[in-house]
Amino acid sequence: MKDNISEKTHWHLVDTTKRKTKLYTDLPKAIEREELRLHYQPKVDLVTNKVIGVEALVRWEHPKLGLIYPNDIIPIAEELGEITSIGNWVIRTACQQNKKWQENGYTPIIMSVNLSMQQFTSDELVSTVKGVLNDTLLSAHYLELEITESMTANVPATISTLKRLKSLGLKISVDDFGTGYSNLAHLKNFPVDVLKIDQSFIKDLIQNPIDQAIVKTIIHLASDLNLEVVAEGIETSEHYQFLKEHKCLIGQGYLFSKPVDSHTFIEKVHYIESGKYRSLG
Ligand code: C2E
Ligand code: MG
Ligand code: MG
Ligand code: MG
């Protein structure tokens, strides 16, 4: 019998087809085996340095393959029909964690949860979210759901779902904004609260005038539509300075913190609110 470490090494070396097969076989058992984790990334007010929100990002701690990231998990879960149970686990765990932080006396912050296409278009979503809020006793005020432009193709259905979700009292944000070729005319009819500028526009922001133009345009659009605007993928103090100067006042990114477990998150909040990140990056 091999020890745990050499077995892990072995699985890291297996070819990608074998790895993929293993992911497909094991994913349906991941929840009951308690292998799913949420990592948390702070959302920061760029003016005050206060952490005003947090995004929950799912990971799968596979006993043999190590930590698996959402780009591997979500497509497989959708294909296997496991996305609803995983998505429900994510919403519940994120709300429980946010309630726990509040009970431990931390300043309340808004928890953002990503929805998949199948979750967003499912009839059960609204009652599931309502049930989780009831069970966890988290005020809906502290929950935000993230959708992407590609989920909004069916305009009447989108408006109806968004209205029912918003009537629960939560916030809606449009993730990866600017990458989805969405019909801007529909945006005014969607009851959303936040536009999240996609990280692909932030990456080369300082060198690339086209990215600068796109980012400034999204900031103005959000302002004119009375929406909040958040930048994701802030990695350097130059990104931070540019966004602040152009009045994007909320941001997320490695400059502040990578997504981390719930305990490390609290340490990161103290670090960020001390303003120390400004001298780094
Ligand atoms: P997203 O919602 O746009 O999340 C941002 C992604 O960018 C995360 O990757 C995060 O770790 C990463 N990121 C954050 N800051 C930086 C930065 O400064 N630089 C760079 N290079 N990357 C940064 P992650 O965790 O791998 O998630 C990827 C995507 O998977 C997410 O993109 C989201 O669309 C999806 N996802 C994550 N968790 C869930 C979930 O629970 N349910 C569903 N349906 N989708 C999820
Ligand atoms: Mg997101
Ligand atoms: Mg995004
Ligand atoms: Mg993304």
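These are my notebook entries on two magnesium ions, a ligand and two pockets in this structure, which is a predicted model.

**Entry 1: the first metal site**

I started with the magnesium ion called ligand 2. Which residues hold it? I found Glu 55 (OE), Asn 114 (OD1), Glu 146 (OE) and Asp 175 (OD) as its protein donors, and they lie 2.0 to 2.2 Å from the ion. Along the sequence, these donor residues are spaced E-x58-N-x31-E-x28-D. So that I could see what this spacing does, I looked up one pair: Glu 146 sits in strand S5 and Asp 175 in strand S6, 29 residues apart, and the pair links distant parts of the chain.

Next I checked whether those two are buried or exposed. Glu 146 has a relative accessible area of 1%, so I wrote it down as buried. Asp 175 comes out at 7%, and it is buried too. The cut-off I needed here is that buried means under 20%.

**Entry 2: the second metal site**

Then I moved to the magnesium ion called ligand 3. Its protein donors are Asp 175 (OD), Asp 176 (OD) and Glu 232, which is listed twice (OE and OE). They lie 2.0 to 2.4 Å from the ion. I noted the spacing along the chain as D-D-x55-E. Here, too, a pair links distant parts of the chain: Asp 176 belongs to strand S6 (residues 171-177), while Glu 232 is in the loop between strand S8 (228-231) and helix H11 (237-245), 56 residues away.

I looked up accessibility for this pair as well. Glu 232 is at 8%, so it counts as buried. Asp 176 has a relative accessible area of 25%, which makes it partly exposed.

How far apart are the two magnesium ions, and which residue coordinates both? I got 4.2 Å between ligand 2 and ligand 3, with Asp 175 as the residue that coordinates both.

**Entry 3: ligand 1**

I wanted to know what surrounds ligand 1. There are 23 residues around it, and the closest are Arg 59, Asp 175, Gln 199, Glu 235 and Tyr 254.

Some names from the metal sites came back when I went through the polar side-chain atoms. Asp 175 has a side-chain N or O atom 2.8 Å from an oxygen atom of ligand 1. For Asn 114, a polar side-chain atom is 2.9 Å from a ligand 1 oxygen. For Asp 176, I noted 3.1 Å between a polar side-chain atom and an oxygen of ligand 1.

**Entry 4: the largest pocket**

The largest pocket holds about 1,200 Å³ of space. It is lined by 43 residues, and the closest to its centre are Glu 55, Leu 57, Pro 70, Asn 71 and Asn 114. Glu 55 and Asn 114 were already on my list as donors of ligand 2. Several elements give two or more residues to the lining, among them strand S2 (51-62), helix H4 (83-103), strand S5 (143-148) and S6. By class, I wrote down 19 nonpolar, 13 polar and 11 charged residues.

**Entry 5: the second largest pocket**

This pocket has about 330 Å³ of space. Of its 16 lining residues, Tyr 40, Gln 97, Lys 100, Ser 262 and His 263 are the closest to the centre. Which element gives the most to the lining? H4 does, with six residues. S1, H4 and helix H12 (262-273) each supply at least two. The lining splits into six nonpolar, seven polar and three charged residues.

Key. Residues numbered from 1 in each chain as written. Chains lettered and ligands numbered in written order. Predicted model: local features only at pLDDT ≥ 70, side-chain atom pairs only at ≥ 80, totals over all residues. Heavy atoms only, no water. Donors = N, O, S within 2.8 Å, 3.2 Å for Na, K, Ca; no water. Helix = DSSP H or I, 4+ residues; strand = E, 2+ residues; numbered from the N terminus. Buried < 20%, exposed > 50% of the residue type's maximum accessible area, 1.4 Å probe, protein only. 1 Å grid on protein atoms, 1.4 Å probe; cavity = no way out; pocket = protein on both sides within 12 Å on 5 of 7 lines; lining within 4 Å. Points joined across faces, edges and corners; volume = space filled by probe spheres on them. Nonpolar A, V, L, I, M, F, W, Y, C, P; charged D, E, K, R; others polar. Near = heavy atom within 4 Å. Polar contact = N/O pair within 3.5 Å; in protein donor to acceptor, adjacent residues only side chain to side chain.
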